[in-house]
Amino acid sequence: MLFNSLSFILFLIIVLALYYAKILNWTNKKRMLLLSSYVFYGMWNPPLVILLWISTMVDWTAGKRLAVEENQKKRKMWLLLSMLVNLGFLGFFKYGDFLLENFVTIVNSIGIDFKAKPMDIILPMGISFYTFQTMSYTIDMYKRKTERARTFLDFALYVTFFPQLVAGPIVRAKELITQFYEPKKATANQFIWGLFLLTIGLFQKVVMADTLLAGTSDKVFGSSKLLHGVDAWVGTIAFSGQIFFDFAGYSTCAIGIALMLGIILPDNFKYPYASLGFSDLWRRWHISLSNWLRDYLYIPLGGNRHGITRMYAALMITMLLGGLWHGAAWTFMVWGGLHGTYLILERLQRRYLPFEITKWNGMFLAFVTFSCVNITWVFFRARTFEKAWDMIKSMFYMQIAGEKILDTFTIVKICTVIGIMFLCHWYMRNTSMKEVSLKTSPYVLGIVWAIMTFLLIIAQGSGEQFIYFQF
Amino acid sequence: MKLKKSLVLAISITLIATVAWELYWRSQGFHPTLNDEKALWAMTRAKVETATKNDVIILGSSRAYFDIQVDQWQKSTGKAPLQLASTGSSPLPIFNDIVNNTNFNGTVIVGVTPGLLFSTTYPKAFPWERPQSKVDFYQDRTYAQRLNFLLSVPLQNNLVLMSADEEEWDDDIDLKSLLKRVNLGKRDTIPPPPPFYNFGDVSIPRNISMMPRTVTDTVFAKSIIDVWHFFGKGAPPPEKDATTAFFMKDVEKFKAKGGNLILIRPPSSGGVRMGEKMGLPRERFWDSLVNVANVKSYHFEDYDQFKDLTCPEESHLSLADANFYTEELVKILKEDNALTNQKPN
């Protein structure tokens, strides 16, 4: 079920009505939320709910045993079981065809004539999110960093909680499960603020991403022609805006919906396009994944504890795997590799060419960071290396007779939207929406809210899927 | 409380703005109508799974869609046909789906628009990709998408502001379409296509009828004619052999299942008809297809009651003429015993 759909509006109204009706006690409310979450997921493809159940059962059992088991060897076995099941699901459903394709290429390259029919495996929506979330519980249990979930219901709801089930934020057990222990109810202010966040999230997705930006990026990246530099840049910045508004929109909706139920989810985006460098970027973009990769991959790989070379290697491996997490294609690896390279270069700069960031050079640095990020988006969005390379050539004027496929208004529109987005990120980088709203007159806030809602209504999104669902 | 004030204000302004928006577009001559979307097609396609020998399916492009009126057909035969024709489409992908993915062995009427049926078998070509996307949507649609459609129907039927058709008409009034109309100049030298305005009203069960404006407003009708001429001039040469061979495979399969296939050629007129006579002459295309298919077939030129019908925009019949065409076609089919198990006249 998509947040930007009529069925979700109906679903949410029913869930809220049952949640706030006095007919259910807290345990039954949690049962209702769990059942609703399965319905939410099953409305897409009912049989794939079974994967959720398996993941839940395995990690609940592993967590239960890890809570009491003292034998280190057995503890490790339970951890391995959890990782095997979750990564096994991920490997089979997400990377099955990719691995097969590469296997065929390798054996063909050594002269063996082998052909394999693609398995055409359906990718369960949000599998990368919920498997990472459940694994974090088991790993934290193994490391004794979190306590065992009190009841199976609490744990199942943690895995399946519908607002963040299919595209995050990836929440740690101690952040969410503990909230299920005591009855929760949003205050009137929390409820209204949640509704406001839901409106902003939908506005970001439907109006900004789908209506204003998606068409241009689709046209540019879908073109088989060699493009003029302006068209290539405009298409790329359109995609950078689209993916931000699409994904941040989802996270904002998720946080808002949870808040309407009195549950607090962590921020997932903090104005990332005004980042001062790439370490800053990853503290602001998809924060819950960055933290996950840091805690469960970068640090176990050695982090910065074993010298510079090892640190750079850990950084690069983390970013390459982070790239692969987004999709089963080499272009995603290149995207991750570019970010890994940026992070290494930034550390080298800090070591050998340190300089102070002032308010004067800050905005320039943010702009440079944003421009470098845009280059990585080319590899993220292009379906093939050929297309990505054609785009890079056009962007850097390595070929000059490119086709002009965008009209003047589209260029003006995209540059205006992205320019405003960049400035907003810059001015908001040290504050939050909540803080700004507290300083804003309720009338101004109401008018802004109304404008967003009205634009949402007249945009009438066609129920486009969120980009991150496919990851 | 501060946020409560904001909420009340937001709801009030949104309500006022939305009502004003709706009234404004109504004052501009717009009226609520269903969007001709994949979900509506899929809803009708789903009925094929339980259709019997007595059922009739209509396939084809927009001519079969506009010219065969479901209500009139039901009046004449006692049973509504399943209207699965698709605008701007070759009928081959949908016929292929019906033959290969269902057990249906009733009657299939294929409306032949030569420029589309004989156009291509290339999966990425527009006349193929468009109907195939409907078939794919039907096969892949989720329960959420089904529910979304059901919930959207009453809204579409009652609100003009819900007009965001998949067709992306140049007079759609959703935000994206409105922005598309802003023109600050082009950067290439390719002439733009003429504007294409919506000229059909869609209803449930899936049916389309020509908007009265197309009949009464000749300037509006001319804008549609310009579109046909634009597409006609730019169309690649037909792929008669490939399309016929593809179609015949499915025809044989369908016949082997006991299915009853009927070919019809709905009317066209004016410049479009002239273009068709030049580029897709009857003898080389229609007659040739009828010959190899060896099924009952009905060309409008062969019937006195049809040959003088005039299409307001040269390609489709007005609602009144479409009702007449449907009624007369059913009579002809019955007299010819072309329909199985239908109620007598």
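## Two chains, their cores and their contact

Chain A of this predicted model is divided into two domains: domain 1 takes in residues 6-183, while domain 2 is put together from the stretches 190-211, 221-229, 236-398 and 421-464. Between the C-alpha centres of domain 1 and domain 2 of chain A the distance is 24 Å. The two domains also touch, with 20 residues of domain 1 of chain A in contact with 19 residues of domain 2 of chain A. On the domain 1 side, the elements of chain A that supply two or more residues are α1 (6-20), α4 (72-109) and α5 (127-142). Sorted by class, that side of domain 1 holds 12 nonpolar, five polar and three charged residues.

As for secondary structure, chain A has 18 helices and zero strands. Its radius of gyration comes out at 23 Å, close to the 23 Å that the globule rule gives for 471 residues, so chain A is as compact as a globular protein of that length. Measured out along the principal axes, the C-alpha trace of chain A spans about 65 × 65 × 50 Å. Of the 471 residues in chain A, 47% are buried. Looking at contacts in chain A with a separation of 6 or more, 75% are between residues 24 or more positions apart.

Next comes the packing of nonpolar residues. In soluble globular proteins, nonpolar side chains tend to be buried together. Here the largest nonpolar core has 144 residues, and the ones with the most contacts inside it are A:M1, A:Y158, A:F203, A:V207, A:L213, A:A258 and A:L259. Helix α9 of chain A (residues 229-260) provides the largest share of this core, with 19 residues. Domain 1 and domain 2 of chain A both give residues to the core, so it lies between them. Apart from this core lies another one, of 66 residues, and B:L40, B:I68, B:V330 and B:A338 are among them.

Two of the well-connected residues of the largest core deserve a further word. Leaving aside neighbours within four places in sequence, A:M1 is in contact with A:S7, A:F8, A:F11, A:F40, A:M43 and A:W44, and also with B:A144 of the other chain. A:L213, for its part, marks the centre of a kink of about 55° in helix α8 of chain A, which runs over residues 188-222. This helix is largely enclosed by the rest of the structure, because 27 of the 35 residues of α8(A) are buried.

Chain B has a mixed make-up, with 16 helices and seven strands. A compact globule of 345 residues would have a radius of gyration near 20 Å, and the 21 Å of chain B agrees with that. Taken along the principal axes, the C-alpha atoms of chain B fill a box of roughly 75 × 50 × 40 Å. Buried residues account for 43% of the 345 residues of chain B. Of the contacts in chain B between residues at least 6 apart in sequence, 81% join residues at least 24 apart.

How do the two chains meet? In all, 34 residues of chain B are in contact with 37 residues of chain A. On the chain B side, two or more residues each come from α1 (2-27), α8 (143-158) and α9 (175-180) of chain B. Of these elements, α1(B) gives the most, with 13 residues. The side of chain B that touches chain A has 18 nonpolar, eight polar and eight charged residues.

A few backbone details round off the picture. In chain B, a cis peptide bond joins B:I204 and B:P205, with omega about 0°. B:P205 sits in the loop between β4 (200-203) and β5 (207-210) of chain B. Positive phi values turn up in residues other than glycine as well. One of them is A:H286, with phi near 45°, and A:H286 belongs to the loop between α10 (278-282) and α11 (287-298) of chain A. Buried or exposed? A:H286 is buried, because 24 other C-beta atoms lie within 10 Å. Another is B:E314, where phi is near 75°; B:E314 lies in the loop between α15 (304-307) and α16 (319-335) of chain B. B:E314 also counts as buried, with 23 C-beta neighbours inside 10 Å.

Technical notes:
Residues numbered from 1 in each chain as written. Chains lettered and ligands numbered in written order. Predicted model: local features only at pLDDT ≥ 70, side-chain atom pairs only at ≥ 80, totals over all residues. Contact = placed C-beta atoms within 7 Å. Helix = DSSP H or I, 4+ residues; strand = E, 2+ residues; numbered from the N terminus. Nonpolar A, V, L, I, M, F, W, Y, C, P; charged D, E, K, R; others polar. Buried ≥ 20, exposed ≤ 12 C-beta atoms within 10 Å, placed from the backbone. Bend = angle between axes of the 7 residues up to and from the residue. Rg over C-alpha atoms; globule rule 2.2 N^0.38 Å. Core = buried A, V, L, I, M, F, W, Y, C linked by C-beta atoms within 7 Å. Domains from an automatic or database assignment.
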